Amino acid sequence: MEDKNNILKWLNRETSDEELARLQESKDFKTLEKIAHYASQIETPKVNVDKALKDFKLRTQKTAKKGRIIPFNFKQISKYAAIIVVLLTTSYFLFFNNETSFKTQFSQTKTFNLPDNSEVILNSNSTITFNKNKWKSNRHLTLNGEAFFKVQKGKKFTVNTEIGEVTVLGTKFNVKERTNYFEVKTYEGLVSVAYKDTLVKLSKGTIFKVVNGTIDTVNTFDINENSWLQKESNFKSTALRFVLKEIENQFGYTIETKDIDLDILYSGGFTHADVNIALQSVTIPLQLSYKIEGEKIIIFNYDN
């Protein structure tokens, strides 16, 4: 037919009534209808790839011999190309991107097992992410917050944080990573901690701590003292700002301070069972006071 543009428009169902009438008067309109009929079969979701390939090669050979030019429906091609892209993208996320995450909210803890049956207890306001599909060959996870680990023996086990990296083969240890604060405690076995150019081996009862980019000189702790696993938080010569931040994490309040030295050191602890008892445990030894207004805690000096 001479007007190929009208044919393409008809195949795509874009013709006007006047254009359709002219096409129907053409002597080739019946052939055109057959082409449209067979083209419509493409809509079926089941495709015999081998047969389609053979048919394509056969049509290509015939076309080469006859010297015919076959116009392509580019809209149809684009549509199936888009479908293929969606399928490939979906397949990637289903089969290759197997990232698993565990997250806790304020005043919440969570216990779960990793693929090798290592146990993790995740403290409040914390997140752990790892690749489940690659875990057997690469026991590597990322921690944002605090968690206690009971690692099954096996290949190297690595906990990565924004501040430092912790590596073990099988042991019990606690990792805490908050803003400007990094702490690792070993309860069993031997733990390797990498911080910038420093590599430290921590045996049972030893601690590695970095505060505001400076390595703390305190290097031991009592493994029998209660910890957040027993619903208590304990501190030894720790700046008040980090203690208050932990109260926020455990109880979900926002803390404001008025004319308080947030770098004053605090040694002691607080319970996770009652916010008032927790605040009293911190404020009384430091001669501070507090008041609770809704979801906000205000801490101030006695004389305010």
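**Exercise 1.** How many residues lie between β8 and β9 in their hairpin, and which residue in the turn has a positive phi?

*Solution.* The structure is a predicted model, and the steps below read its strands one at a time. Two residues separate β8 from β9 in the hairpin, and Asn180 in the turn has a positive phi of about 60°. The strands on either side of this turn, β8 and β9 (residues 181-188), run antiparallel and are joined by seven bridges.

**Exercise 2.** Determine which residues stand opposite Phe173 of β8 in β5 and in β9, and explain why β8 is largely enclosed.

*Solution.* Begin with the pairing to β5 (residues 139-150), which is antiparallel and extends over six bridges; here the residue opposite Phe173 is Phe149. Turn next to β9, where the bridge partner of Phe173 is Thr186. For the last step, apply the burial criterion of under 20% relative accessible area: six of the seven residues of β8 (residues 172-178) are buried, so the strand is largely enclosed by the rest of the structure.

**Exercise 3.** Work out the strand order of the open sheet that contains β15, β17 and β18, and state which strands stand at its edges.

*Solution.* The order is β15-β18-β17, with mixed pairing. It follows that β15 (254-258) and β17 (288-293) are the edge strands, and because each has a single partner strand, one side of each is left without a neighbour in the sheet. Between neighbouring strands of this sheet the average turn, with direction ignored, is 25°. As for the pairing of β15 with β18 (residues 296-301), the two strands run parallel and are joined by five bridges, one of which can be located by the partners Thr254 and Lys296.

**Exercise 4.** Describe how helices α6 and α7 lie against this sheet, and then explain why the buried residues of α7 are placed on the same side of the helix.

*Solution.* Consider α6 (residues 240-251) to begin with: this helix lies across β15, β17 and β18, running at about 150° to β15. Helix α7 (residues 275-283) also packs on the sheet, where it touches β17 and β18, and its direction makes about 155° with that of β17. The buried residues in α7 are Val275, Ala278, Leu279, Val282 and Thr283. Because these residues cover an arc of only 120° around the axis, they are on the same side of α7. Their cover includes α6, β16 (265-271), β17 and β18. Finally, at the N-terminal end of α7, Asp274 acts as the cap, with a side-chain oxygen 2.8 Å from the backbone nitrogen of Asn276.

How values were computed:
Residues are numbered from 1 along each chain as its sequence is written. This is a predicted model: local features need pLDDT of at least 70, side-chain atom pairs count only at pLDDT 80 or more; totals for chains, interfaces and linings use all residues. Side-chain values use heavy atoms; hydrogens and water are left out. Buried means under 20% relative accessible area, exposed over 50%, partly exposed in between (1.4 Å probe, protein chains only). Helices (H or I, at least four residues) and strands (E, at least two) are DSSP runs, numbered from the N terminus. Two strands pair if DSSP finds at least two bridges between them. Axes are lines fitted to C-alpha atoms, for helices over the stretch in contact, and angles run from 0 to 180 degrees between N-to-C directions. Contact means heavy atoms within 4.5 Å. The arc is that of the directions from the helix axis to the C-beta atoms. A polar contact is a pair of N or O atoms within 3.5 Å; within protein, one must be able to donate a hydrogen and the other to accept it, and residues adjacent in sequence count only if both atoms are side-chain atoms.
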